[in-house]
2 protein chains.
Amino acid sequence: MPGVGEKTATRLVYWLLRAPEGTGREIADALIALENGVKECSVCCDLTPRDPCRICADPNRDPGAVCVVEQPQDVLAFERSGEFRGGYHVLHGAISPLDGVGPDDLRIRALLERLRGETVTEVILATDPDVEGDATALYIARLLKPIQVRVTRLAHGLSVGTEIEYVDALTLARALQNRREL
Amino acid sequence: MPGVGEKTATRLVYWLLRAPEGTGREIADALIALENGVKECSVCCDLTPRDPCRICADPNRDPGAVCVVEQPQDVLAFERSGEFRGGYHVLHGAISPLDGVGPDDLRIRALLERLRGETVTEVILATDPDVEGDATALYIARLLKPIQVRVTRLAHGLSVGTEIEYVDALTLARALQNRREL
């Protein structure tokens, strides 16, 4: 489990043994309910207790824009920013030959089918700005070429509030390449 | 001194008292030489042992682009990135009313004079992406409006190699606003 090593695991076990009887049972039930209750949204593939998910079912969201992300957590990050009012598509990973993850392991086919049916005018490829994320974005962009849809990628550049002195060389180079007219 | 608190200062003093005689004198001489030997470049205002500085004197640099930065350390950051082949202009700070720093405390007048004389076609405002840096960039952009010169600002967006899940909301919003066609 992420963040739970041997020490934490030991502490948790001793806590459980001293907890009121039935606590273990309750946690077990909650885990089973979690596993049974959460499934993938049939539209965007995000994890959700009901299908379609809250965002896909919301009539106030713009159906013209789809933001393609790697993980369900990325949807939360975008929702926190409050900047995006369209829908999402969760790939559940990124193409990574070293880890044995190919295009067929991701929800790419579901994305293509969705684009065929819906009135999507822009696909924003918001995979992580690393090697796997960039490769995945380029792969999907190539697949989308025959379709009449605008394909964009999130901007690379400086984080808000950072100091240029401490920005890594690669990011600074991208910020310079992508500079805009003022 | 930055990074030197009471504890470190005490340790340094005791180290100096145990060091071979003359060490204090040597350090003192080095400090005086540093202060006397380093001055501001008459072209770009960067700190330099000779005038004009190494970059301003380099005939291989592009005289058509000037990258305006807050601090001499920022010049080092850009040089590390290897992405920029033009000249720099060091403001020695940013406009910050709370700290009592106004436009006249910066090397803005020197920049304007320089632009009048030289054949600069683009000014890249590379002040920090924070409140003071943004205000300084806007102030200078307004001053440059009457001059025939392209004024750009470094891109805001995702740092290379980061994960979207952990990007702050403001930076994610900027990365979305500045997204580009793929």
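Visitor: In which sense do strand 7 of chain A and strand 6 (residues 150–153) of chain B pair, and over how many bridges?

Guide: The two strands pair in the antiparallel sense over two bridges, and because strands count as paired if DSSP finds at least two bridges between them, the condition is met here. In strand 6 of chain B, the bridge partner of A:Arg180 is B:Arg153. Strands are DSSP runs of E with at least two residues and helices are runs of H or I with at least four, both numbered from the N terminus. This is a predicted model, in which local features need pLDDT of at least 70 and side-chain atom pairs count only at pLDDT 80 or more, while totals for chains, interfaces and linings use all residues. Residues are numbered from 1 along each chain as its sequence is written, chains are lettered from A and ligands numbered from 1 in the order in which they are written, and side-chain values use heavy atoms, with hydrogens and water left out.

Visitor: What is the order of the strands in the open sheet that includes strand 7 of chain A?

Guide: The order of its five strands is 7(A)-6(B)-5(B)-3(B)-4(B), and the pairing is mixed. Strand 7 of chain A and strand 4 (86–90) of chain B are the edge strands, each pairing on one side only. Within this sheet, strand 5 (residues 122–125) of chain B runs parallel to strand 6 of chain B, and four bridges join them; there B:Glu122 stands opposite B:Arg150.

Visitor: Which strand of chain B joins the open sheet that contains strands 4, 3, 5 and 6 of chain A?

Guide: That strand is strand 7 of chain B, in the order 4(A)-3(A)-5(A)-6(A)-7(B), again with mixed pairing. The edges are strand 4 (86–90) of chain A and strand 7 (180–181) of chain B, each of which pairs on one side only. Strand 6 of chain A and strand 7 of chain B run antiparallel and are joined by two bridges, with A:Arg153 opposite B:Arg180.

Visitor: What relation do chain A and chain B have to each other, and why?

Guide: A rotation of 180° with 0.0 Å of shift along its axis superposes chain A on chain B, with an RMSD of 0.1 Å, where the fit is by least squares on the C-alpha atoms of residues with pLDDT of at least 70 in both copies. That is the relation of a two-fold axis. Of the residues of chain A, A:Gly157 comes closest to the axis, its C-alpha lying at 2.0 Å. The same surface serves both copies, since 100% of the contact residues of chain A recur in chain B; contact means heavy atoms within 4.5 Å.

Visitor: How many residues does each chain give to the contact, and what area is buried?

Guide: Chain A gives 49 residues and chain B gives 49 residues. The buried area, meaning the accessible area (1.4 Å probe) that two parts lose on being put together, summed over both, is about 4,700 Å², of which carbon and sulfur atoms give 61%.

Visitor: What makes A:Glu122 and B:Arg179 a salt bridge, and why does the pair join two chains?

Guide: The term asks for a side-chain nitrogen of Lys or Arg within 4 Å of a carboxyl oxygen of Asp or Glu, and because the N to O distance for this pair is 2.5 Å, the pair qualifies. A:Glu122 lies in strand 5 of chain A, and B:Arg179 in the loop between helix 6 (169–177) and strand 7 of chain B, so the pair joins two chains. B:Glu122 likewise forms a salt bridge with A:Arg179, the closest N and O atoms being 2.5 Å apart. Across the interface the rule finds four salt bridges. In chain A, helix 7 gives the largest share of the side that touches chain B, nine residues.

Visitor: What makes the peptide bond between A:Asp51 and A:Pro52 stand out?

Guide: This bond is cis, with omega about 0°, and A:Pro52 is found in the loop between strand 2 (47–48) and helix 3 (54–57) of chain A. In chain B, a cis peptide bond joins B:Asp51 and B:Pro52, again with omega about 0°. Most residues other than glycine have a negative phi, and most peptide bonds are trans. Phi of B:Cys45, by contrast, is positive, near 70°.
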